Amino acid sequence: MQVRDTIFALSSGALPSGVAIIRISGSATHEVLQQMTSGVPKARHAVLSNIKGQDGAVLDRGLCLFFPGPASFTGEDCAELHLHGGRAVVAAVLDQLAGFPRLRMADAGEFTKRAFLNGKMDLTGAEALSDLITAETEAQRRFALVNSSETHRRLYGSWRRRLIHARAMIEAELDFADESDVPGSVAEAVWQDISNLSREISDHASSYKSAEIIRDGFQVVILGAPNAGKSSLLNALAKRDVAIVTDEPGTTRDILEVSLDIAGMKIVLADTAGIREAGGRVEALGIERSIARAREADLILLLEDVTNPSPVQGLPERPILRLGNKADLASGTKTLNYDCLISAKTGQGLDELLELIQRASAGYLDRASDVLPFRARHVALLNEAVYQLQAAVQAEEQGLELSAESLRAASDALGRITGEIDVEDLLDTIFSTFCIGK
């Protein structure tokens, strides 16, 4: 455990609140509790205490907890002060803490960063903790919880051990080729496993798309001709006025988004400009953006006014649901060839539409408990490992020394994912995304 400044911060939500929690971590924690409370409480026991300033004046009356290191979140001595959540109360206590010579306000994510530096978690666990804090849906919560466990460390650790074994076999043949207890052919013992490992890592890296959808949302884009009712549908599904709705065609120029929680899955619904021969430069730009956004969609809702059908041409090759809108005004002869008939005005068919969207995204929801790479940096390092493994196989004919070096680079790439190899240049970037107090 490394010795650093003692830090403090408000770790609970926005003020005012019923309870506010101030967290303290570092070697001066014991001294702070002795001066500002009724004394250092028994480890991990909540004690009601006066919270005092350094001049002895009572600032508040609340709970005090002490977590001695290394059995704490950060691995250092830690404390929590549970106060009444008024702005003046919290400001007074923070001001007193800042007056101690060995204390300072924590940087964003610094408590979690110290937990990592003190070996309480690896980098993937820290990143998953950030996702858990920001989780909005059940799928995101489940996914972040799986990622915050030791699953990634165990998986990547097992791959590194296989690489280390392969390197040992190669280097043994290089150094002790004449010894009888050293295998005579590295190829038979090692190369098949390296090829298998390359495929395993490549398959794992390719599953990032599923993780990205779980974390960032299943992207649904509404396309259609002007006045098909796209903005009305967005408002109806959001149950609030997100978009302006008028009878004038071409009023939607920019892409409007709203996030929905459908059966525990985050669905990002985007309203786009009506597709037609544009009447002006601005509208044309809006249409170009609509088509570009549709190319990246996980699902397209192709909306058509059943009372005045106007087909849209040149759609990207993405999954599509054909929706017939204004079904309340249509006769039976106009309602064929649609996946779902709806009325954005009356709400007819919206429950069926939500069910269809749920079915389209269900496969990703099912993967929320799988072990997937959940950061772009993970994928980059996994791909680097695959590249080096392939280079090791190709270099076999040129000499085992080159193969051994490629295997070392592959194992280092895996180690950098969890932080077992030097990642100092990444730490500020990763932990700066956390809130103050975490």
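Me: Two strands count as paired if DSSP finds at least two bridges between them. What makes β1 and β2 a pair under that rule?

Reply: This is a predicted model, in which local features need pLDDT of at least 70 and side-chain atom pairs count only at pLDDT 80 or more, while totals for chains, interfaces and linings use all residues. Residues are numbered from 1 along each chain as its sequence is written, and side-chain values use heavy atoms, with hydrogens and water left out. Strand β1 (residues 6-10) is joined to strand β2 (residues 17-25) by four bridges; the rule asks for at least two, so the strands pair. They run antiparallel, and Phe 8 has Ile 24 in β2 as its bridge partner.

Me: What counts as a helix or a strand here, and how many does the protein chain have?

Reply: Both are DSSP runs numbered from the N terminus, H or I over at least four residues for a helix and E over at least two for a strand. The protein chain has 14 helices and 12 strands.

Me: What makes β3 and β6 edge strands?

Reply: The open sheet of six strands is ordered β3-β4-β5-β2-β1-β6, with mixed pairing. Each of β3 (47-52) and β6 (103-105) pairs on one side only. Neighbouring strands of this sheet are turned by 30° against each other on average, direction ignored. Helix α3 (residues 110-117) lies across β1, β2 and β6 and runs at about 140° to β1.

Me: Which strands stand at the edges of the open sheet ordered β8-β9-β7-β10-β11-β12, and why?

Reply: That sheet also has six strands and mixed pairing. Its edges are β8 and β12 (340-341); each has a single partner strand, so one side of each is left without a neighbour in the sheet. Within the sheet, β10 and β11 run parallel and are joined by six bridges, with Ile 300 opposite Ile 320 in β11. Helix α8 (residues 208-216) lies across β7 and β9, at about 80° to β9.

Me: Why is α9 called roughly perpendicular to α11?

Reply: Axes are lines fitted to C-alpha atoms, for helices over the stretch in contact, and angles run from 0 to 180 degrees between N-to-C directions. The axes of α9 (residues 230-238) and α11 (residues 350-366) come within 11 Å and cross at roughly 85°. That makes α9 roughly perpendicular to α11, the class for 65 to 115 degrees (under 35 is roughly parallel, over 145 roughly antiparallel, the rest oblique).

Me: Which residues of α9 and α11 meet, and how do they divide by type?

Reply: Leu 233, Ala 236 and Leu 237 in α9 meet Leu 350, Leu 353 and Leu 354 in α11, where contact means heavy atoms within 4.5 Å. The contact divides into six nonpolar, no polar and no charged residues. Ala, Val, Leu, Ile, Met, Phe, Trp, Tyr, Cys and Pro count as nonpolar, Asp, Glu, Lys and Arg as charged, and the others, Gly among them, as polar.

Me: How do you know that α9 is mostly covered?

Reply: Seven of its nine residues are buried, a term for under 20% relative accessible area (exposed is over 50%, partly exposed in between; 1.4 Å probe, protein chains only). Lys 230, Ser 231 and Asn 235 are among the buried residues. Their cover includes β7 (218-224), β8 (256-262) and α11. Just after α9, Lys 239 takes a positive phi of about 60°.

Me: Why are the rings of Tyr 156 and Trp 159 called a tilted pair?

Reply: Rings of Phe, Tyr and Trp (its six-membered ring) pair if their centres lie within 6.5 Å, and their planes count as stacked under 30 degrees apart, as edge-to-face over 60 and as tilted otherwise. The count by this rule is three aromatic pairs. Tyr 156 and Trp 159 lie 5.7 Å centre to centre with 40° between the planes, so they pair and are tilted. Both are in helix α6 (residues 151-175), three residues apart. Tyr 156, at 1% relative accessible area, is buried, and so is Trp 159 at 4%.

Me: What makes Phe 218 buried and Tyr 364 partly exposed?

Reply: Phe 218 has a relative accessible area of 2%, and Tyr 364 has 22%. Their rings also form a tilted pair, 5.8 Å centre to centre with 45° between the planes. This pair links distant parts of the chain, 146 residues apart: Phe 218 in β7 and Tyr 364 in α11.
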